[in-house]
Amino acid sequence: MFEVLPEAVAHLRRGESVVLATVTEAQGSSPRGPGASMLILADGTVVGSVSGGCVEGAVYEIGQQVLSDGVPVLEQFGYADADAFAVGLTCGGKLTIFIQRIDPEDEACFSRLADDMAAGRPASWVTVVRHPNADWLGRHVVVRPDSHEGSLGKRFADHAVVNDVRGVLAAGDSRLMHFGDAGERMGNEMEIFVSSFQPPPRMLIFGAVDFAAALAKQCSILGFHVTVCDARAVFATEKRFPAADEVVVQWPHRYVAAEAEAGRIDRRAAVCVLTHDAKFDVPVLSTVLDLPDEIRPFYIGVMGSRTTHEDRTRRLKEAGVTDDQLALMSSPIGLDLGGRTPQETAVSIAAEIIARRWGGEGRPLVEVDGPIHAPAGD
């Protein structure tokens, strides 16, 4: 829902109700995952998407009714359903979408959520999407790491849901959760959907080289917060790296240590070391590889030829890096796409990062059997 939040706030402030349609469950080759949202405004305008075009028309029609009567609807679309085929969901997947009306009295809550998003503060929007008592449908609460606002209607339910949702928020996930009808943890009569916002994952690029400029642009497209860091002020300039969110002049290993100490590096981060110069590479890689497992970036790519990598490995071992730690590096960096230019190399690196994040093999899809998209939660 966070992708359409600013637009929702603007209309709520004008005293207009809006309809929020959110994907709560996606199975098979569904085009968009849990948390994807579409906003239907009072003037008929649509903002955002729940399916990339497959079922928007049907959701829009349901949304018009929800806007009129305020009764939430949980609707499933799937290839096996004649109606779903009619509206164009031919990809073989299934989507479950919760459609609810948001009224102007929720403007303050939505505004605070928008402030959280603008400031990069984690927050979750939690909504009851299924319950034996229809009065519970659409009840919502906002959960933050150290506070919450709103209520599901019962203190016991609030306590259980808020505490359990904080674990989901910490992981940055959007997912369904199940409780008893009054919030009991052992039940499943109540189904809630948690839509979580976390700041963008970080991409730390070390080495202010031409490849870094191309990679910064590519990773910005992928939604990373991109930092380019180099100790050489003459090369590390904002003019040379317009796609980067920040350009830092500092020795890379000192920067990593300071960012980790400040809590600004986590498992969602990616690191690319592009200098292939031992006086930069060895200290920063030793520092990154020595980070605790819970905050060590999930991807550590290092540029250089195989000869350079062999020399770098020897130097790292001399610096105390273990074989298990060395195995965490991707070097040579990127997938084998045959590219040569900095831009093509950036695509190769980005492709490896995507594959590492989602468990892909980097093979042509024409050679792969089974679903195109990994099942939700994998």
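This briefing covers selected residues in two helices, H11 and H8, and their surroundings. The model is predicted. Ala350 in helix H11 is buried, and Ile354 in helix H11 is partly exposed. Ser286, in helix H8, is buried.

**Helix H11: Ala350**
- Helix H11 spans residues 342–358, and Ala350 lies within this stretch.
- The relative accessible area of Ala350 is 3%, so this residue counts as buried, the cut-off being under 20%.
- Beyond its neighbours within four places in sequence, Ala350 makes contact with Gln218 and Leu222.
- Ser151 is 199 residues away from Ala350 along the chain, and the C-alpha atoms of the two are separated by 42 Å.

**Helix H11: Ile354 and the surface patch**
- Ile354 is also placed in helix H11.
- With a relative accessible area of 38%, Ile354 is partly exposed, because this value falls between the limits of 20% and 50%.
- Ile354 joins Leu222 and Trp358 in a nonpolar surface patch of about 300 Å².
- Leu222 thus appears twice: as a contact of Ala350 and as a member of the patch.

**Helix H8: Ser286**
- Ser286 belongs to helix H8, which runs over residues 278–289.
- At a relative accessible area of 19%, Ser286 is classed as buried, because the class takes in values under 20%.
- The Ser286 side chain reaches the backbone oxygen of Val282 at 2.8 Å.
- When residues up to four places away in sequence are not counted, Ser286 touches Leu316, Ala319 and Val321.

Key
Residues numbered from 1 in each chain as written. Predicted model: local features only at pLDDT ≥ 70, side-chain atom pairs only at ≥ 80, totals over all residues. Heavy atoms only, no water. Helix = DSSP H or I, 4+ residues; strand = E, 2+ residues; numbered from the N terminus. Buried < 20%, exposed > 50% of the residue type's maximum accessible area, 1.4 Å probe, protein only. Contact = heavy atoms within 4.5 Å. Patch = residues over 30% accessible without salt bridge, like charges linked within 9 Å, V, L, I, M, F, W, Y side chains within 5 Å. Areas by Shrake-Rupley, 256 points an atom, 1.4 Å probe, with all protein chains shown as cover. Salt bridge = Lys/Arg side-chain N within 4 Å of Asp/Glu carboxyl O. Polar contact = N/O pair within 3.5 Å; in protein donor to acceptor, adjacent residues only side chain to side chain.
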